[in-house]
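Thanks for coming, everyone. I'd like to walk you through one structure today, so please have a look at it first.

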Amino acid sequence: MKTVKPIYFLVFISCIKCQTLQRRLLDAAIQHNATQNYLQENLRDITSIMVAQFLQKATYEEVKTIARELLGLSEKCKSLESHESLSPCAHQLMTTFLEYICNNPGMLDKHGSSHCCNTSNTARHKCFLSYKKDDADYSDIFQIPNAEHICEMDKENHASVKDRYSFEISRTYPFLYGPTILTMSACYETAVQSCCQEENKTKCLQIKLEPIRKYVKEMSLRHHHLCEIKTKFNHTVAKAVELVLLTKKQPKANFSEIAKLTMDVKNLHEICCEGNTVACTLGRSQLMDYTCSKQAILSSKITRCCEQPVPFRGECIIISENDDKPDLLPLPLSRFTEDQFVCKEFTDKQEDFLQEFLYEYSRRHPELAVPVILRVNTVYENLLGNCCKLENPLECYSYGNEMFQKVVRESRDHVKNHCDLLKKLGESSFHDRLIVLYTKKAPQLSAQEVVLFTKKMAAAATRCCLLSGVQQFLCVEDSAKLILGALCRRHAAEPINAAVGHCCDDSYAFRKPCFDDLQIDRTYVAPSLSCHQIIRLKEDLCGAQEEELHIEKQKFLSNLVKQKLYASETQFQAVLGNFTHLVQVCCRTEKSEICFQEEGSKLIEECQSVLEA
């Protein structure tokens with residue numbers, strides 16, 4: 001039977017061949033020869049990750065000093081024997097860390113978080129978490145290092161190369177889980193050591209570090225997204241997401257096993273999202289121990305992973321393939337729409353009953369993305385909520401399967417229309433269409449934000465729409481989940497408008513359909529700007545790179561749309577085309593500034609006529 005890739009593997013690792021990253025993990029695992037006491041032996045490194053993620057403006061030297069002092073201040077950490085559990089140390093360390101920060105006025109001033117110390121421990125912790133700034137949604141600062149420099153550093157001190165990489169990744173991606181940073185730091189170190197033996201060191205580093213770079217960035221998005229679900233929605237939603245992911249990954253496991261794992265994983269995510277890197281690393285290690293001890297009943301795809309030591313084993317299991325779909329009869333699923341006792345079960349144990357429905361539906365539909373399955377679950381819950389009030393509920397909920405099919409069909413049709421539009425318009429015009437649509441939906445966003453946000457949407461469509469059938473559907477849905485999650489985090493930081501807020505907060509499952517249906521924001525009042533203020537015609541445009549010029553053009557489009565939300569896209573495109581033509585003409589002349597002044601007046605007149613129409 002055909003194997004279906006795990007959803008998060010498909011979306012987050014779309015740019016990486018599974019074998020490539022597995023090979024990096026295996027190489028690193030062999031070279032590092034991790035021991036049974038890996039966590040205890042690397043406690044300072046794990047603590048350094050936590051410090052760098054909370055104190056993102058701290059220097060490398062400051063992070064190392066704070067980590068060392070913290071372990072000295074924590075009684076349960078400073079004399080830890082190799083055989084002792086890390087659990088007491090992990091719990092004490094966070095409290096000690098928060099006290100340490102509050103006793104360091106200089107550090108508080110540097111991060112602007114001094115008021116956090118005026119609250120109790122729990123509130124203080126949440127306050128410091130709120131100061132984590134994840135700019136990875138809109139930037140990509142990781143660069144392939146200078147080969148000669150990195151090899152000289154590695155020659156002098158292997159540990160320094162790994163530690164500095166870990167520091168940079170930790171402060172750049174403050175929501176990336178500690179165990180992933182540990183693992184990727186080891187992979188990075190192994191790649192550097194290997195490439196430094198090669199004649200063409202630079203090319204070798206580009207080849208070996210690129211999959212690591214992409215994996216780190218994309219897993220950071222995944223982890224941040226999971227943390228957002230935890231904070232924005234109730235525990236039922238977080239559990240549902242984990243249950244679907246686990247069921248799709250391990251469809252042969254029975255419901256009780258999946259239910260137990262769901263709670264364990266949900267609790268682990270909560271710990272990791274709180275930033276307690278030591279507890280997160282310990283928790284993942286314990287979870288992977290359990291998973292490997294049960295691999296005979298969980299999955300046939302993780303045998304090689306379970307042979308690897310900590311921390312490589314965990315990352316290997318996460319990116320492993322979904323297990324083969326078992327041969328399943330339709331009976332267990334039909335009992336949710338054809339059994340006369342459905343309402344009794346729904347009323348007596350609603351959460352357990354719906355979890356079992358999710359389990360049975362998910363293992364039968366590995367081809368569906370998590371958000372789509374959650375939509376089906378929401379429709380089913382609402383159906384029972386209404387039907388179970390009637391005299392003949394069975395007659396009412398017996399239409400459930402037809403409703404499920406409708407949800408899937410509508411979701412799939414929308415993805416198909418999305419990809420058909422891309423094919424019709426081409427990449428550039430498709431992106432312009434998205435800029436117009438989302439400027440109208442969220443005109444409060446700056447032009448720069450609209451361009452960057454829609455660029456991600458256009459890139460995802462370009463990547464996903466090349467796939468066919470099931471894979472295309474999965475890819476678009478799950479990419480949208482992450483991109484809209486980033487937009488909703490932006491809204492949480494600085495509210496955009498009520499309609500965007502509704503889509504972000506009302507239903508996680510229906511977030512994408514809500515944004516798809518979002519109309520023009522009729523409450524928006526544009527600042528009164530003339531075309532002289534909207535159009536930027538300066539000589540420096542001629543020295544801009546092609547990508548910079550393209551962004552400038554798209555920002556102009558967004559600003560133009562803001563001034564006339566109800567104008568047609570055709571009107572905007574005409575002005576936009578003339579802007580591009582004018583820049584090309586003037587930049588070919590010796591006196592481009594004079595050209596912009598003389599010829600630009602015509603463009604401004606055309607622009608003004610659109611605004612005044």
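Let's start in helix 15, residues 255–273, where D264 and K260 sit four residues apart, about one turn of the helix. Keep in mind as we go that this is a predicted model. Why does that spacing matter? An α-helix has 3.6 residues a turn, so residues three or four places apart point the same way. In this case the side chains of D264 and K260 meet in a salt bridge, at 2.6 Å from N to O. Are the two partners buried or exposed? D264 is partly exposed, with a relative accessible area of 27%, and K260 is partly exposed too, at 37%.

While we're in helix 15, look at I258, which is also found there. I258 is buried, with a relative accessible area of 0%. Who surrounds I258? Leaving aside neighbours within four places in sequence, I258 is in contact with L243, L246, T247, Q250, A253 and Y359. If you want a distance to check on your screen, the C-alpha atoms of I258 and E242 are separated by 9.5 Å, and those two residues are 16 apart along the chain.

Back to charges. Side chains of opposite charge can pair when their charged atoms come close. How many salt bridges does the structure hold? There are 30, and I'll show you a few more.

One of them is within helix 30, residues 511–517, where K512 and D516 are again four residues apart, about one turn of the helix. Their side chains meet at 3.0 Å, N to O. Here K512 is buried, with a relative accessible area of 11%, while D516 counts as partly exposed at 25%. The cut-off for buried is under 20%, so K512 at 11% falls on the buried side.

Next, a pair that joins two helices: the side chains of E345 and R335 meet in a salt bridge of 3.3 Å, N to O. This pair links distant parts of the chain, with E345 in helix 21, residues 342–348, and R335 in helix 20, residues 331–338, 10 residues apart. E345 has a relative accessibility of 30% and counts as partly exposed; R335, at 22%, is partly exposed as well.

And then there is a small network: D45, K64 and D163 are linked by salt bridges. K64 has its place in helix 5, and it is buried, with a relative accessible area of 18%. Not counting residues up to four places away in sequence, K64 touches D45, S48 and D163.

Let's move on to whole helices, beginning with helix 7, residues 87–102. How far apart should its ends be? At 1.5 Å a residue, its 16 residues should span 22 Å, and the end C-alpha atoms are 24 Å apart, which agrees. Several residues of helix 7 are buried, among them C89, L93, M94, F97 and I101. What do the buried residues of helix 7 pack against? The list is helix 4 (43–54), helix 5 (60–73), helix 6 (75–78), helix 8 (105–111), helix 9 (121–130) and helix 16 (277–293).

Now for two crossings. Two packed helices are described by the angle between their axes and the distance between the axes. Helix 10, residues 147–156, packs with helix 13, residues 201–232, at an angle of about 85°, with the axes 9 Å apart. That makes helix 10 roughly perpendicular to helix 13. Which residues meet there? A147, E148, I150 and C151 in helix 10 meet K201, T202 and L205 in helix 13. By class, that contact has four nonpolar, one polar and two charged residues.

Further along, helix 25, residues 400–425, and helix 28, residues 469–493, pack at about 85°, with their axes 10 Å apart. Helix 25 is therefore roughly perpendicular to helix 28. From helix 25 we have V408, S411, R412, V415, H418 and C419, meeting Q472, F473, V476 and E477 in helix 28. The classes in this contact are five nonpolar, three polar and two charged residues.

Last stop, a loop. K389 has its place between helix 23 (370–387) and helix 24 (393–397). Buried or exposed? K389 is exposed, with a relative accessible area of 69%. The C-alpha atoms of K389 and R304, 85 residues apart along the chain, are separated by 52 Å.

How values were computed
Residues are numbered from 1 along each chain as its sequence is written. This is a predicted model: local features need pLDDT of at least 70, side-chain atom pairs count only at pLDDT 80 or more; totals for chains, interfaces and linings use all residues. Side-chain values use heavy atoms; hydrogens and water are left out. Helices (H or I, at least four residues) and strands (E, at least two) are DSSP runs, numbered from the N terminus. The expected span of a helix is 1.5 Å times one less than its number of residues. Buried means under 20% relative accessible area, exposed over 50%, partly exposed in between (1.4 Å probe, protein chains only). Contact means heavy atoms within 4.5 Å. Axes are lines fitted to C-alpha atoms, for helices over the stretch in contact, and angles run from 0 to 180 degrees between N-to-C directions. Angles under 35 degrees count as roughly parallel, over 145 as roughly antiparallel, 65 to 115 as roughly perpendicular and the rest as oblique. Ala, Val, Leu, Ile, Met, Phe, Trp, Tyr, Cys and Pro count as nonpolar, Asp, Glu, Lys and Arg as charged, and the others, Gly among them, as polar. A salt bridge is a side-chain nitrogen of Lys or Arg within 4 Å of a carboxyl oxygen of Asp or Glu.
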